[in-house]
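Let's take a walk through this one together, from the inside out. Have your viewer ready.

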Amino acid sequence: MKRSRLVTAVAAALLLTTTACGSGFDDDQGATAQQSAGPADLQILIAASGDAESKAVTDATAKWASASGNKATVTPAQDIAQQLGQALAGSTPPDVFYVDAARFADYASVGALEPYADKISNIDDFYPNLRQAFTYDGKVYCAPKDTSTLALEINTDLWKKAGLTDADIPTTWDQLTAAAQKIKAKGIVPLAIGDTRDRIGAFLVQNGGWWTSADGKQPTADTPQNEAALTYVQGLLKGGLAQYPKQLDTGWGGEAFGKGKAAMVIEGNWIKGAMKADFPAVKYTVHELPAGPTGTKGTLSFTQCWGIAAKSKFKDQAIKFVEAMTSADQQLEFATAFGVMPSRQSASAQYTAKFPEDAPFVAGVAYGHGPVNAPKMDSVLADLDTGLQGLATATPKGVLQRFDKNAKTALGG
Amino acid sequence: MADIRRGGIRDNERVAGWLFVSPVVLVLGLFMLVPILMALWVSLTDWNGQGSPFQSGVPFAGLDNYTRLFTQDGLDRENFMISIRNNAYYVFAVVPLQTALALTLALVVNNRMLRGKSFFRTAFYFPSVTSSVAISVVFLFMFANSGAINAILGLFGINGPQWFADPRGVLHLALDTVGLLDTNAPPAALTGHSLLGLTWWDWTSGPSVAMCAIISLVVWTTSGTFMLMFLAALQNIPSQLDEAGLIDGATRWQRFRFITLPQLRPTLFLVLTLGLIGTWQVFDQIYVMSQGNPAKTTLTPAYLSYRTAFRDLDYGSGAAISFVLFLIIVVLTLLQRRALRERP
């Protein structure tokens with residue numbers, strides 16, 4: 001008798017838990033109740049580039065929290081896309097989180113983000129192309145955290161070994177080809193370039209093209225400019241003047257460059273930290289990417305913004321937090337800590353003064369092109385990367401047409 | 001003690017029985033059945049991942065997420081069909097190989113003449129108890145362009161491929177080597193016609209070189225577990241049967257083929273079924289080692305489902321892919337059950 005009573009009790013308890021779980025599904029559709037008075041408890045999810053970034057952000061957050069009398073917890077994400085996806089689905093998103101420009105439109109289009117940018121002081125101070133990267137349907141959503149751009153890094157020793165001097169540093173595509181041929185003649189791989197749109201796309205910009213229209217609503221890949229750009233890259237690959245990192249048995253361009261497997265590489269300013277940490281003995285110089293045939297300078301810029309969840313309970317405090325994190329002084333502090341560039345134009349002069357060797361990266365911020373800014377494009381872009389991986393043997397026009405066809409479906413055009 | 005039971009002597013036992021199984025029923029129901037039904041609902045919607053999928057206002061898509069995988073010409077169908085092709089080749093390679101290897105290992109360990117039996121048993125089982133992520137990382141190093149595998153191949157004068165950067169299908173490569181086809185100029189009969197969005201040329205590629213590296217990894221890690229199952233079954237076979245065969249003058253092969261193997265039929269079915277299910281669900285090796293690259297040749301339905309849901313925020317399609325995968329597994333298991341049925 002006693003045992004069956006126990007079983008009943010267990011069963012009842014289990015049933016109770018089920019009903020308790022069930023209540024979680026009743027979502028209120030209306031605006032989330034705001035708590036603007038009193039101390040907030042901010043949850044901040046970041047996708048840190050490394051320990052240095054986690055520490056810098058955690059320290060800055062702690063400083064802000066104690067100064068403003070709020071509580072704030074920084075969580076470094078393992079896989080931010082997945083963690084954020086789960087949190088949004090569960091209606092319990094972190095209040096503030098990093099949003100990569102490449103994924104921004106996905107989040108903005110489903111209403112996950114609070115368009116708060118107009119409440120940030122002096123929003124026009126942020127570089128226009130960075131603001132553009134976080135614009136959806138004509139509205140700027142969030143404040144860019146910082147930025148990085150691509151440039152051309154040259155290994156000083158290998159450059160000399162190939163008999164080249166400072167006068168040979170390429171500023172045009174023709175010069176790049178010429179220098180690469182001289183390097184190749186010495187049995188050195190001239191250029192390592194990542195096999196994705198995030199590196200090869202720079203050549204499109206240099207030739208005045210881009211994958212999509214400016215508003216991100218139309219695919220515009222299949223144009224003569226883009227075809228010429230891809231044909232040029234294909235020529236480099238076919239001629240052995242450029243190789244993908246995987247062919248050089250490395251994970252990314254910086255590794256190939258650091259190991260001395262290539263004399264030049266096209267990478268962003270994150271390469272500084274990697275070289276310092278892993279290959280401190282390698283001497284190199286940084287230059288702006290060579291311009292296209294018409295003299296157009298072009299590079300790619302990468303950025304993340306401080307997204308605030310539309311469902312956050314502490315939007316006012318979150319905006320104040322972002323304000324503090326994107327102030328010029330704080331951005332310079334972050335720049336020193338983990339090697340990114342400020343997203344505010346007013347901080348740029350100070351940054352260049354402090355890191356004069358970064359001038360080519362800083363110059364790129366002005367003319368850099370952000371990632372494709374349109375929702376539902378991730379699988380299309382992944383498919384494009386697959387096409388670019390096989391660029392050496394594919395037809396450039398085919399790659400571009402395929403992108404247009406897929407993008408058209410994804411964009412609903 | 002004197003109360004008269006109505007409805008027969010077993011009446012009370014039924015209630016007690018249900019009470020005893022209720023914890024399991026509740027736990028399974030709560031953590032398996034309910035989530036599966038929830039996922040089924042998600043696969044019928046265009047839920048965007050904001051808030052609960054059960055609130056009003058979530059657009060109902062009907063079977064769109066499913067039909068898109070089969071009937072609409074586009075990237076969704078192409079990716080899905082590529083993943084099915086990759087996984088099918090993967091299953092064809094892994095299941096027979098791991099079963100044969102597991103059986104061989106079990107026979108070796110079961111050999112009465114073998115010394116240091118427990119050492120070999122442990123050694124063979126070891127890969128199965130190691131974390132698949134850790135092993136995957138080790139294999140990444142081994143199959144690196146200048147890694148151990150290519151170094152060994154180099155000793156024999158073979159220039160090893162760039163394993164994880166090589167999307168060429170081995171079937172194409174083999175036919176090219178024999179001289180039947182030219183991979184640079186594939187026959188128009190194959191490239192000109194397509195089935196479900198993939199040309200016949202694509203369907204017949206075979207697993208890519210990169211996939212072969214993953215296949216060898218999986219065969220190596222899982223054969224240990226299946227060896228244990230075969231070993232348990234082998235030890236259950238009475239040695240008299242073998243001796244009887246010996247007296248009748250059966251050769252070693254005849255004794256294995258006509259005495260041991262028929263006794264192993266239930267275990268063989270178990271191993272094949274578990275292998276089939278496990279290989280269709282391959283995920284962690286792909287996630288760690290290749291993420292579907294190079295050129296989508298290691299994309300599998302399980303990984304595609306994950307990527308569609310959590311990268312593209314297209315939860316409906318992602319859930320639909322996993323249900324199609326579920327159906328594939330069920331159908332194949334039933335077919336296999338029929339094929340391996342005991343014939344009277």
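Start with the largest nonpolar core, which has 115 residues. This is a predicted model, so everything here is read off computed coordinates. Inside that core, the residues with the most contacts are Cys142(A) and Leu191(A). Both domains of chain A feed this core: at least three residues come from domain 1 (41–148 + 303–369), and at least three from domain 2 (149–300 + 373–411).

Zoom in on Cys142(A) and skip its neighbours within four places in sequence. What is left in contact with Cys142(A)? You'll find Val99(A), Leu113(A), Tyr116(A), Ala117(A) and Phe134(A), and then Cys305(A), Trp306(A), Gly307(A) and Ile308(A) from further along the chain. Nonpolar side chains tend to be buried together in soluble globular proteins. There's also a second, separate core of 57 residues, and among its members are Ile82(B), Phe139(B), Ile214(B) and Tyr303(B).

Now pick out helix H16 of chain A, residues 378–389. A quick sanity check on its geometry: with 12 residues at 1.5 Å a residue, H16(A) should span 16 Å, and the end C-alpha atoms are indeed 16 Å apart, so the two agree. Is this helix mostly covered or mostly open? Mostly covered, with 9 of the 12 residues buried. Those buried residues are Asp378(A), Ser379(A), Val380(A), Leu381(A), Ala382(A), Asp383(A), Leu384(A), Thr386(A) and Leu388(A). The cover over them includes helix H8 (197–206) and helix H17 (396–411) of chain A, and helix H3 (75–110) of chain B is part of it too.

That brings us to where the chains meet. Here 32 residues of chain A are in contact with 30 residues of chain B. On the chain B side, the elements giving two or more residues are helix H1 (11–43) and H3. H1(B) gives the most, with 7 residues. By type, the chain B side splits into 14 nonpolar, 13 polar and 3 charged residues.

Finally, look at how chain B itself is divided. Its domain assignment gives domain 1 (11–63) and domain 2 (67–169 + 206–339). Taken over C-alpha atoms, the centres of these two domains of chain B are 31 Å apart. They do touch, with 11 residues from domain 1 of chain B and 7 residues from domain 2 of chain B making up the contact. On the domain 1 side, those residues come out as 6 nonpolar, 4 polar and 1 charged.

Terms used: Residues are numbered from 1 along each chain as its sequence is written. Chains are lettered from A and ligands numbered from 1 in the order in which they are written. This is a predicted model: local features need pLDDT of at least 70, side-chain atom pairs count only at pLDDT 80 or more; totals for chains, interfaces and linings use all residues. Domain bounds come from an automatic or database domain assignment. Two residues are in contact if their C-beta atoms, placed from the backbone, lie within 7 Å. Ala, Val, Leu, Ile, Met, Phe, Trp, Tyr, Cys and Pro count as nonpolar, Asp, Glu, Lys and Arg as charged, and the others, Gly among them, as polar. A nonpolar core is a set of buried Ala, Val, Leu, Ile, Met, Phe, Trp, Tyr and Cys residues joined through C-beta atoms within 7 Å. A residue is buried if 20 or more other C-beta atoms lie within 10 Å of its own, exposed if 12 or fewer, and partly exposed in between; C-beta atoms are placed from the backbone. Helices (H or I, at least four residues) and strands (E, at least two) are DSSP runs, numbered from the N terminus. The expected span of a helix is 1.5 Å times one less than its number of residues.
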